[in-house]
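Hi there,

Here is the structure I promised to pass on to you. Have a look at it first, and then read on for a short tour of what turned up.

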Amino acid sequence: VQLQASGGGLVQAGGSLRLSCAASGSIFSIRAWGWYRQAPGRQRELVATISGDGTKYADSVKGRFTISRDNAQNMVYLQMNSLKFEDTAVYFCNVVFLFYSGGPIRSSWGQGTQVTVSS
């Protein structure tokens, strides 16, 4: 399974961006999607997840970011509003899925997309 993320770019503080991530390949079912980010010199951190149990957000993005999914298209989105300088990072999408019914749970990562917020 391959993930292709897109939608990053340069935006001024207070602006918005929408990230997209598409999964391709053999997927029986998707258990969960996640968006993570990694800023220079820092560890990768969880931004948001979406699954059958609902959505979860990092405290730093609550009320500003919204994760959503398109099950028919095997896609996930991250709407980012009121962006701050500290949101600058490479954003990665992640999918947790099954190749086949009853099979092992697997995970795949996208290549990352750069988000730069100018102050």
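Let me start with an arginine: R64 is buried, with a relative accessible area of 10%. Please keep in mind throughout that this is a predicted model.

**Salt bridges**

The partner of R64 is D87, and their side chains meet in a salt bridge with 2.7 Å from N to O. R64 sits in the loop between β6 (54-57) and β7, while D87 belongs to the loop between β8 and β9, so this pair ties together parts that are 23 residues apart in sequence. D87 is buried too, with a relative accessible area of 1%. Through salt bridges that share partners, R64 and D87 are joined with R37 and E45 into one network.

Within that network, R37 and E45 form a salt bridge of their own, with the closest N and O atoms 2.7 Å apart. How accessible are its two ends? R37 is buried at a relative accessible area of 5%, whereas E45 counts as partly exposed at 31%.

Searching the whole structure gives 4 salt bridges. One of them links K62 to D59, where the closest N and O atoms are 3.1 Å apart. D59 counts as exposed, since its relative accessibility is 66% and the cut-off for exposed is over 50%.

**The nonpolar core**

Which residues touch the most other members of the largest nonpolar core? This core has 30 residues, and the ones with the most contacts to other members are W33, W35, V47, F65, L78, M80 and Y91. Many strands take part: β1 (2-6), β3, β4, β5 (45-51), β7 (65-70), β8 (75-80), β9 (89-98) and β11 (113-118) each bring at least two residues to the core. The biggest contribution comes from β9, which gives 5 residues.

**Aromatic rings and the surface**

The whole structure holds 2 aromatic pairs. In the pair of F97 and F99, the ring centres are 5.2 Å apart and the planes stand at 85°, so the arrangement is edge-to-face. The two phenylalanines can be told apart by their accessibility: F97 counts as buried at 3%, while F99 is partly exposed with a relative accessible area of 31%.

F99 also has a place on the outside, where F28, F99 and Y100 make a nonpolar surface patch of about 320 Å². You will find F28 in the loop between β3 (17-24) and β4 (29-38). F28 is partly exposed, with a relative accessible area of 49%.

Two arginines lie over aromatic rings. R18 is placed over the face of Y77, at 4.0 Å from the ring centre. R44 takes up a similar kind of position over the face of W109, at 4.7 Å from the ring centre.

W109 comes up once more in a distance you may like to check on screen. From C-alpha to C-alpha, S51 and W109 are 16 Å apart in space, with their positions 58 residues apart in sequence. S51 is part of strand β5, and counts as partly exposed at 23% relative accessibility.

**Two backbone details**

Most residues other than glycine have a negative phi. Where does the model depart from this? One place is N74, which is not a glycine and yet has a positive phi of about 50°. N74 is found in the loop between β7 and β8, and is partly exposed with a relative accessible area of 22%.

S82 is another such residue, again with a positive phi of about 50° although it is not a glycine. S82 lies in the loop between β8 and β9, which is also the loop that holds D87. At 40% relative accessibility, S82 counts as partly exposed.

If you want a place to begin on screen, try the network of R37, E45, R64 and D87, and then move on to the patch made by F28, F99 and Y100.

Best wishes

Conventions
Residues numbered from 1 in each chain as written. Predicted model: local features only at pLDDT ≥ 70, side-chain atom pairs only at ≥ 80, totals over all residues. Heavy atoms only, no water. Patch = residues over 30% accessible without salt bridge, like charges linked within 9 Å, V, L, I, M, F, W, Y side chains within 5 Å. Areas by Shrake-Rupley, 256 points an atom, 1.4 Å probe, with all protein chains shown as cover. Helix = DSSP H or I, 4+ residues; strand = E, 2+ residues; numbered from the N terminus. Buried < 20%, exposed > 50% of the residue type's maximum accessible area, 1.4 Å probe, protein only. Phe/Tyr/Trp six-rings, centres within 6.5 Å; stacked < 30°, edge-to-face > 60°. Lys NZ or Arg CZ within 6 Å of the ring centre and 35° of its normal. Core = buried A, V, L, I, M, F, W, Y, C linked by side-chain atoms within 4.5 Å.
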